[in-house]
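Me: Please walk me through this structure in short questions and answers. Keep the cut-offs explicit.

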Amino acid sequence: MGVFVYLIIMLPFLSFALVLSQGKGIFLIAGFNTMSSDKKDKYDEVALAKFIGKMMYGYCFCVLLWVLNEIFQTQWLFIVGLILFVVLTMFLMIYMNTGNRFKR
């Protein structure tokens with residue numbers, strides 16, 4: 001049962017990753033679509049979308065580890081996936097908010 005739940009969680013992540021990694025679907029990024037058009041013009045939308053798409057692939061990998069944990073009944077796969085999820089999220093927050101990487 002848990003396998004299906006994780007797969008249902010992974011499908012939207014994977015579809016968002018596919019769209020964003022092509023540099024499209026910037027409206028899917030929370031917060032960016034609510035900015036004024038003046039602030040949006042300051043950002044490189046394609047680079048931002050591609051970066052978020054790559055991060056979504058990372059999150060899909062974490063959920064895949066959780067699926068494998070349910071299939072093989074090994075707790076260490078869940079722990080590795082959870083640690084990777086937390087580290088990926090911390091990296092995402094630090095990388096995006098330092099260095100003005102996505103500004104034009």
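Reply: Buried means under 20% relative accessible area, exposed over 50%, partly exposed in between (1.4 Å probe, protein chains only). Helices (H or I, at least four residues) and strands (E, at least two) are DSSP runs, numbered from the N terminus. This is a predicted model: local features need pLDDT of at least 70, side-chain atom pairs count only at pLDDT 80 or more, and totals for chains, interfaces and linings use all residues. Residues are numbered from 1 along each chain as its sequence is written, and side-chain values use heavy atoms, with hydrogens and water left out.

Me: In what order do the elements of the protein chain run from the N terminus?
Reply: The chain has four helices and zero strands. From the N terminus, the order is α-α-α-α.

Me: What span does helix α4 reach from its first C-alpha to its last?
Reply: Helix α4 covers residues 75-97, 23 residues in total. The expected span is 1.5 Å times one less than the number of residues. That gives 33 Å, and the model comes close to this, at 34 Å.

Me: Which residues of α4 are buried?
Reply: An α-helix has 3.6 residues a turn, so residues three or four places apart point the same way. Contact means heavy atoms within 4.5 Å. The cover over the buried residues of α4 includes α3 (45-72). The buried residues are L77, G81, L88 and L92.

Me: Which residue just after α4 takes a positive phi?
Reply: The phi is about 80 degrees. The residue is G99.

Me: Which helix gives the most to the largest nonpolar core?
Reply: A nonpolar core is a set of buried Ala, Val, Leu, Ile, Met, Phe, Trp, Tyr and Cys residues joined through side-chain atoms within 4.5 Å. The largest has 15 residues, and I29, L48 and I52 touch the most other members. Helices α1 (2-20), α3 and α4 each supply at least two residues of this core. With seven residues, the top contributor is α3.

Me: Which residues does I29 touch, not counting those up to four places away in sequence?
Reply: I29 is one of the core residues that touch the most other members. Its contacts are L20, L48, A49 and I52.

Me: Of how many residues is the other core?
Reply: It lies apart from the largest core. Among its members are M10, V63, W66 and V67. The number is seven.

Me: What share of the residues of the protein chain count as buried?
Reply: The C-alpha atoms fill a box of roughly 50 × 25 × 20 Å along the principal axes. The chain has 104 residues. The buried share is 30%.
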